[in-house]
Amino acid sequence: MIDFRSDTVTQPTEAMRLAMSRAEVGDDVYGDDPTVNNLQDMAAEMFGFDGALFVSSGTQANLLALMSHCERGDEYLCGQQAHNYKFEGGGAAVLGSIQPQPLNNQADGSILLSDIEAAIKPDDVHFARTRLLSLENTIGGKVLNQDYLSQAQSLAFNRGLKIHLDGARVANAAVAQGIAIADITQYFDSVSICLSKGLCAPIGSILLGDERLIGKATRWRKMLGGGMRQAGIIAAAAKLALTEQVDRLADDHYNAKTLALLLAEMSEFAVDVSLVQTNMVFATLAEHIDPKMLTAKLADKGIIISPSRQLRLVTHKDISANDISVFVNTLKQIIR
Ligand SMILES: *Cc1c(COP(=O)(O)O)cnc(C)c1O
């Protein structure tokens, strides 16, 4: 099977399976799991933070960050397209009594600094207290540039806001720019990173922050049922995600670019190749092709996509350069 739905479908590597089978473990709720502790120490050091917390998912990492920065009646500023606004079940509002203030995302994924400024509410009983700016990088496969991050950080600092990064795919952003992940995370008070997407771990995300934030997040994690016991079993694979899988993302980016260029040559697809900066290709399917028909016919040939006129095709470890050719040739057969 060639599965383009997401980089979350990646299988753990053989090295991960071996490391999991041999991991030294303990009860992590007591702080006794050496493999979890080692992962957290390693991540904090690599990315330049006081502390790191290993959590079950990216959604949980973002929720813990929002709940640790904000109190009941506070608000966070984020993009309309932000995962932690649109795709996390409204968790901050439901579980944290925190109001989101979504703002337009520009075509490049950024939020205008002037829009951020204008959305910060005065200290007045009518308003929620604006506490936090939350950005996402990559966002829809696009990379936010480093100057923008620096300016956003200054704005947040000058206006007394904290700044969070949903860095689910921050490793892709770093590799695309040829810089270290820490060069990006330096601009933020907290960062969430998914280890189970392009980095191929089976489970888990990391939340980074200062000691106070990680302390609060640890308490919320337990309350939300996320305190895990012999979690070293999965932390062993998560460590390899950070040490062995980051550089490999360049292959995914190359394959995505190749795919975008090939689709752009076909009249049935509209693709803006300039927006293909990491491992995601967005393509609009021509009116005369039924997305459900296409999805079903591809499935017969062992190729999985999500049925939509606005296709999102994601490259990852389990899609090779040859799989890209197979996919494009199969598309041509089906369509013509
Ligand atoms: C996948 C994703 C998350 C959430 O991760 P889960 O592990 O699926 O909960 C958060 N933010 C972004 C940008 C993501 O792509």
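This report describes the ligand site, the salt bridges and strand β3 of a predicted model.

**Ligand site**

Twelve residues are named around the ligand: Ser 57, Gly 58, Thr 59, Asn 62, His 83, Glu 88, Glu 136, Asp 166, Ala 168, Arg 169, Cys 194 and Lys 197. Sorted by class, this shell consists of two nonpolar, five polar and five charged residues. Helix α3, which spans residues 58-69, makes the greatest contribution to the shell, supplying three residues.

Polar side-chain atoms of Thr 59, Asp 166 and Arg 169 approach the ligand. For Thr 59, the distance to a ligand oxygen atom is 2.6 Å. Asp 166 places a polar side-chain atom 2.6 Å from a nitrogen atom of the ligand, and Arg 169 has one 2.9 Å from an oxygen atom of the ligand. The ligand on its own exposes 380 Å², of which the protein buries 82%.

**Salt bridges**

Side chains of opposite charge can pair when their charged atoms come close. In this structure there are 12 salt bridges. The table gives three of these pairs, with the separation of their N and O atoms.

| Salt bridge | N to O distance |
|---|---|
| Arg 169 and Asp 7 | 2.8 Å |
| Asp 252 and Arg 248 | 2.9 Å |
| Glu 71 and Lys 216 | 3.3 Å |

Arg 169, one of the residues surrounding the ligand, also meets the side chain of Asp 7 in a salt bridge. Arg 169 belongs to the loop between β6 (162-166) and α8 (170-177), whereas Asp 7 belongs to the loop between β1 (2-3) and α1 (14-22); the pair therefore ties together parts that are 162 residues apart in sequence. Both partners, Arg 169 and Asp 7, are buried.

The salt bridge of Glu 71 with Lys 216 likewise links distant parts of the chain, with the two positions 145 residues apart in sequence numbering. Glu 71 is in the loop between α3 and β3 (74-79), and Lys 216 is in helix α10 (residues 211-223). Glu 71 is partly exposed, at a relative accessible area of 44%. Lys 216 is also partly exposed, its relative accessible area being 22%; this value falls in the partly exposed class because buried means under 20%.

In the salt bridge between Asp 252 and Arg 248, both residues are buried. A further group, made up of Asp 74, Arg 129 and Arg 131, is linked in a network of salt bridges.

**Strand β3 and its neighbours**

Asp 74, a member of that network, is also one of the residues of β3. Six of the six residues of β3 are buried, so the strand is largely enclosed by the rest of the structure. Asp 74, Tyr 76 and Cys 78 point one way from β3, while Glu 75, Leu 77 and Gly 79 point the other way.

Strand β3 pairs with β5 (residues 129-136) in the parallel sense, over four bridges. Within this pairing, Arg 129 of β5 is the bridge partner of Asp 74. Asp 74 and Arg 129 are thus joined to the account twice, as bridge partners and as members of the salt-bridge network that includes Arg 131. Strand β3 also pairs with β4 (residues 99-103), again in the parallel sense and over five bridges. Here Tyr 76 stands opposite Pro 100 of β4.

Terms used
Residues are numbered from 1 along each chain as its sequence is written. This is a predicted model: local features need pLDDT of at least 70, side-chain atom pairs count only at pLDDT 80 or more; totals for chains, interfaces and linings use all residues. Side-chain values use heavy atoms; hydrogens and water are left out. A residue is near a molecule or strand if one of its heavy atoms lies within 4 Å of it. A polar contact is a pair of N or O atoms within 3.5 Å; within protein, one must be able to donate a hydrogen and the other to accept it, and residues adjacent in sequence count only if both atoms are side-chain atoms. Accessible areas come from the Shrake-Rupley method with a 1.4 Å probe; for residues, only the protein chains shown count as cover. Ala, Val, Leu, Ile, Met, Phe, Trp, Tyr, Cys and Pro count as nonpolar, Asp, Glu, Lys and Arg as charged, and the others, Gly among them, as polar. A salt bridge is a side-chain nitrogen of Lys or Arg within 4 Å of a carboxyl oxygen of Asp or Glu. Buried means under 20% relative accessible area, exposed over 50%, partly exposed in between (1.4 Å probe, protein chains only). Two strands pair if DSSP finds at least two bridges between them.
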